[in-house]
Amino acid sequence: MKGISGRVAIVTGGAGGIGAGLVRAFTAAGAKVVSADILEEQGAALAKEVGANCAFKKTDLRIDADIEALVAFAAEKFGEIDFLVNAACTYADKGGEADRAGWMTGFDINLFGGIVLMQKALPYLSKSSWPCIVNFSSEAAHVGLPSRWVYPATKAAIEQVTRSQAMDLAVHGIRVNAVMPGWTAKPWQLTAPKETQEQYAYWGNRLHMLGRVGKMEEVTDAVLFLCSEHAGFMTGSCLRVDGGHSAMGPQGRDVVLPTTLRKGTAAAQPK
Ligand SMILES: NC(=O)c1ccc[n+]([C@@H]2O[C@H](COP(=O)([O-])OP(=O)(O)OC[C@H]3O[C@@H](n4cnc5c(N)ncnc54)[C@H](O)[C@@H]3O)[C@@H](O)[C@H]2O)c1
């Protein structure tokens, strides 16, 4: 994709899940990546495997000093910062039982960390020739889910903050978008016990128009696209990469209206 090679990305949550996929995808496309995560062993191992164009910096997104050190590290290591990709998250969510501390932690990691990162990196992004931020939303941001209150609220807030950031950073030429994945298969799910995999495939089929969960590269490709020069006129948007999940009604792909009634309705239409 045009505009990725040679540029420098910070990827939060880069030690695991989709973040690790992003580390691989950006470096494969010729970018340099600083992966930031609390999981030091996993993050460092991946950076070593990927090679010289990737460095790992242990970062707790709840701690401003860590974020400041991350930005200084990236600028020192690779000389510039062009892309921020905020993939880190916590799924911890006690729903209606979540106490104030639970809410604070959810928002601290999922939302505030990315905002502070943007603030600390702004001097570098402002100097970049092609600056871009990608935030991570979720289909959970748009619906009520049983026993999940905190995570969906953080994701809804991310979509709104994406619009606010896009508005105020446009003056610096910085584009800000969000990506909204559907269920995305992560490596551990592909090697999970048979029963778990069957459950996952069943619900993947039920909940997505395309009848399956997403592949990691389908999400990472979308993030690279948003950072690339192909998306030069995109800002303030949320790109849905969800196999049609969020466009489906509550009946899913089931035909619920009785056939006779549908026939009757059709017959009643004016010719
Ligand atoms: N996997 C999906 O199906 C799916 C669907 C919709 C949206 N998303 C979004 O995609 C993004 C990645 O999801 P995932 O499933 O790969 O998540 P994951 O749980 O596999 O990985 C999240 C990473 O964030 C890191 N992290 C957690 N707390 C941190 C902190 N305080 N500081 C720094 N790093 C921290 C974790 O260590 C982990 O490596 C998330 O923002 C998630 O909301 C995922």
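Before I come to the cavities, let me say what I mean by an element here: helices, which need at least four residues, and strands, which need at least two, are DSSP runs numbered from the N terminus. Please also keep in mind that what we are looking at is a predicted model.

With a cut-off of 30 Å³ or more, the count comes to two cavities, and I will take them in order of size. The largest cavity has a volume of about 70 Å³, and its lining is made up of Asn86, Asn110, Leu111, Gly114, Ile115, Asn135, Phe136, Ile158, Val161 and Gln165. The elements that contribute two or more residues to this lining are α4 (100-127), β5 (132-136) and α5 (150-169), and among these α4 gives the most, with four residues. In terms of residue class, the lining of the largest cavity divides into five nonpolar and five polar residues, with no charged ones.

Turning to the second largest cavity, its volume is about 50 Å³, and the residues that line this space are Thr12, Leu61, Asn86, Ala88, Ile109, Asn110, Gly113, Gly114, Phe136, Lys155 and Ile158. Which element supplies the largest share of this second lining? That share, four residues, comes from α4, while α4 and α5 each supply at least two residues. By class, the lining of the second largest cavity has five nonpolar, five polar and one charged residues.

If you follow individual residues in the structure, Asn86, Asn110, Gly114, Phe136 and Ile158 are worth finding, since they are named in the lining of the largest cavity and again in that of the second largest.

How values were computed: Residues numbered from 1 in each chain as written. Predicted model: local features only at pLDDT ≥ 70, side-chain atom pairs only at ≥ 80, totals over all residues. Heavy atoms only, no water. 1 Å grid on protein atoms, 1.4 Å probe; cavity = no way out; pocket = protein on both sides within 12 Å on 5 of 7 lines; lining within 4 Å. Points joined across faces, edges and corners; volume = space filled by probe spheres on them. Nonpolar A, V, L, I, M, F, W, Y, C, P; charged D, E, K, R; others polar.
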